[in-house]
Amino acid sequence: MIEIVPMELKHIEGVLEVEETTFSIPWTKEDFIREVTQNAMAVYYVAVDGETVVGYAGMWHVINEGHVTNVAVLHDYRRQGIGDGFMKKLTEVALEREMIGITLEVRMNNRAAQGLYHKFGFRAEGIRKNYYADTKEDAVIMWRYFPFYEDYDPEIHG
Ligand SMILES: CC(C)(COP(=O)(O)OP(=O)(O)OC[C@H]1O[C@@H](n2cnc3c(N)ncnc32)[C@H](O)[C@@H]1OP(=O)(O)O)[C@@H](O)C(=O)NCCC(=O)NCCS
């Protein structure tokens with residue numbers, strides 16, 4: 001059974017496996033250690049299948065906004081609802097902390113991730129030209145606002 005739990009130091013080797021097999025400019029071990037041990041804004045979760053880390057997601061709590069840093073799932077575990085589980089979790093945290101909304105950047109050509117974010121009510125609000133250092137691809141800036149967060153129930157609204 002796959003569970004989503006808060007990221008701890010013991011997960012970092014597994015997180016690196018996800019990171020390095022997923023992204024062209026991966027974060028380093030030190031980046032993740034810093035997130036887990038020193039960054040007071042950081043909210044990180046992992047998906048574990050037994051002892052194996054099969055995905056992770058992170059968000060920074062910046063004043064009253066959530067900034068998603070990354071969402072990634074191991075290739076063989078995709079399309080099984082794990083990305084969905086991460087977005088539900090991050091949404092729950094954002095609502096509990098009374099954030100006004102969540103924002104993120106996504107590569108213009110990343111249809112899978114945009115599909116996930118659309119499903120969770122994110123909408124494109126802007127473009128950052130040539131944002132990604134490797135391909136010079138544009139970033140789409142997406143936002144999901146919680147104007148009625150006090151009435152918002154993740155079980156009902158996804
Ligand atoms: C984006 C990603 C995290 C989705 O994870 P996942 O566990 O496969 O997602 P889920 O199975 O929970 O799917 C949730 C929704 O995402 C969308 N989605 C996921 N994969 C998709 C694909 N290949 N094409 C289109 N939509 C897709 C769908 O809307 C899906 O809902 P549905 O199953 O009801 O159709 C995964 O594809 C991934 O790790 N990609 C590489 C890393 C990445 O691009 N991260 C985002 C950086 S901004």
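## Contacts with the ligand

A polar contact is a pair of N or O atoms within 3.5 Å; within protein, one atom must be able to donate a hydrogen and the other to accept it, and residues adjacent in sequence count only if both atoms are side-chain atoms. With that in hand, look at Asn110, where an N or O atom of the side chain is 2.6 Å from an oxygen atom of the ligand. The backbone joins in too: an N or O atom of the Val73 backbone lies 2.8 Å from a ligand oxygen, and a backbone N or O atom of Leu116 lies 3.4 Å from a ligand oxygen. On its own the ligand has 920 Å² of accessible area (Shrake-Rupley method, 1.4 Å probe), and the protein covers 74% of that.

A word on what you are viewing: this is a predicted model, in which local features need pLDDT of at least 70 and side-chain atom pairs count only at pLDDT 80 or more, while totals for chains, interfaces and linings use all residues. Residues are numbered from 1 along each chain as its sequence is written, and side-chain values use heavy atoms, with hydrogens and water left out.

## The shell around the ligand

Which residues are the closest to the ligand? They are Val71, Arg79, Gly83, Asp84 and Asn110, out of 21 that surround the ligand (a heavy atom within 4 Å). Strand E4 (65-73), helix H3 (82-96), strand E5 (101-107) and helix H4 (111-119) each supply at least two shell residues; these are DSSP runs numbered from the N terminus, with at least four residues for a helix and at least two for a strand. H4 gives the most, with six residues.

By class, the shell has 10 nonpolar, six polar and five charged residues. Here Ala, Val, Leu, Ile, Met, Phe, Trp, Tyr, Cys and Pro count as nonpolar, Asp, Glu, Lys and Arg as charged, and the others, Gly among them, as polar.

## The largest pocket

The ligand sits in the largest pocket (more than half of its atoms lie within 2 Å of the pocket's grid points). A pocket is an open set of points on a 1 Å grid over the protein atoms alone, where a 1.4 Å probe fits, with protein on both sides within 12 Å along at least five of seven lines; lining residues have an atom within 4 Å of a point.

This pocket holds about 1400 Å³ of space, counted as the space filled by probe spheres set on the points, which are joined across faces, edges and corners. Its lining has 41 residues, with Phe23, Val71, Asn110, Ala113 and Tyr117 nearest the centre. E4 gives the most to this lining, with seven residues.
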